[in-house]
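Q: Please explain how the descriptive terms applied to this model are justified, taking each value together with its cut-off.

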Amino acid sequence: MKHRARKRFGQNFLRDPRVIQRIVDTVNPQADQLIVEVGPGRGALTAPLVSSGAELKLLEIDRELAAQLEMQYRDCPQVSVHTGDVLRMDLGEVTGGRSFRLLGNLPYNISTPLIFHVLKWSERIRDMHFMLQHEVVERMAAPPGGKARGKLSVMCQYRCQVQPLFTVPPEAFSPVPKVHSALVRLVPHQQPPVAVDDPAGFAKLVSHAFSMRRKTLRNSLRGLLEADQIERAGVDPGARAETLSMEQFAALAALMK
Ligand code: SAM
């Protein structure tokens with residue numbers, strides 16, 4: 001039976017063979033690696049990954065597509081399909097506590113929560129390659145000072161080196177999305193770029209700082225830090241979150257109780 005693309009699952013399937021090849025060449029899968037693919041869909045990226053001989057875990061929410069993939073790869077013991085919502089999956093369990101590579105042409109409707117979800121396992125992830133809306137990749141890589149700088153930039157850059165790779169036009173997908181896409185590589189840091197004693201507190205501070213984008217830190221951090229504490233960290237309480245460097249966020253987090 002022909003599968004119809006489901007909008008609610010953010011289904012825009014890759015259909016341009018040159019783009020598919022370019023992604024796979026960039027990822028360069030190897031036979032001795034464990035690779036987790038988020039949202040394999042109709043298997044555009046999966047097929048060349050399987051050919052590499054890598055061990056593959058396929059995480060797919062669409063039961064119809066998951067069943068098709070199970071059928072297609074029933075004779076490939078190195079491929080397993082996990083049916084369900086990746087946001088509810090424990091990637092540590094899926095991968096049996098081993099280190100792994102992660103990739104996916106991500107469903108745009110949940111790309112940001114999905115990135116925050118997978119970052120929980122960054123210590124065991126060798127690298128990640130994601131196809132995302134171009135604008136999301138810009139936000140992930142944004143340096144301090146620009147409009148694109150936000151919680152996503154700070155948390156991605158705290159956990160990983162962010163490398164935007166190349167853009168992909170809408171016509172490479174079916175159905176054709178309204179926006180341009182881009183491939184990004186995230187390589188988790190061996191050592192975080194700044195010292196943070198309490199990563200959960202750091203994440204809370206960053207969330208608060210960006211919760212009211214047009215407000216100054218004095219206002220957005222109210223309840224977490226007083227203006228004099230912000231000053232003590234060497235930061236202007238009248239500044240806005242998007243202007244702060246990673247070091248400044250770390251200095252503020254260090255003053256939180
Ligand atoms: N990888 C395929 C390709 O490149 O042609 C499909 C990419 S499509 C943009 C996104 C895929 O993610 C779809 O197969 C969709 O069903 C799946 N998906 C959407 N939300 C998901 C979720 N929460 N958990 C797991 N898979 C999901």
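A: A polar contact is a pair of N or O atoms within 3.5 Å; within protein, one atom must be able to donate a hydrogen and the other to accept it, and residues adjacent in sequence count only if both atoms are side-chain atoms. The model is a predicted one, in which local features need pLDDT of at least 70 and side-chain atom pairs count only at pLDDT 80 or more, while totals for chains, interfaces and linings use all residues. Residues are numbered from 1 along each chain as its sequence is written, and side-chain values use heavy atoms, with hydrogens and water left out.

Q: What makes the approach of Ile61 to the ligand a polar contact?
A: A polar backbone atom of Ile61 is 3.3 Å from a nitrogen atom of the ligand, and the limit is 3.5 Å, so the pair qualifies. For Pro40, a polar backbone atom is likewise 3.3 Å from a nitrogen atom of the ligand. Asn105 uses a polar side-chain atom, 2.8 Å from an oxygen atom of the ligand. The protein covers 98% of the 600 Å² of accessible area that the ligand has on its own (Shrake-Rupley method, 1.4 Å probe; for residues, only the protein chains shown count as cover).

Q: How is the shell around the ligand divided by class?
A: The shell has 11 nonpolar, seven polar and four charged residues. Ala, Val, Leu, Ile, Met, Phe, Trp, Tyr, Cys and Pro count as nonpolar, Asp, Glu, Lys and Arg as charged, and the others, Gly among them, as polar.

Q: Why is His129 called buried or exposed?
A: Buried means under 20% relative accessible area, exposed over 50%, and partly exposed in between (1.4 Å probe, protein chains only). His129 has a relative accessible area of 3%, and is therefore buried. The C-alpha atoms of His129 and Arg185 are separated by 4.6 Å, although these residues are 56 residues apart along the chain.

Q: Which term applies to Asp16, buried or exposed?
A: Asp16 has a relative accessible area of 16%, so it is buried. Its side chain reaches the backbone nitrogen of Arg18 at 2.8 Å.

Q: Why does Asn28 count as partly exposed?
A: The relative accessibility of Asn28 is 44%, so this residue counts as partly exposed. Phi of Asn28 is near 55 degrees, a positive value in a residue other than glycine. Most residues other than glycine have a negative phi, and most peptide bonds are trans.

Q: What kind of peptide bond joins Ser174 and Pro175?
A: The bond between Ser174 and Pro175 is cis, with omega about -10 degrees.
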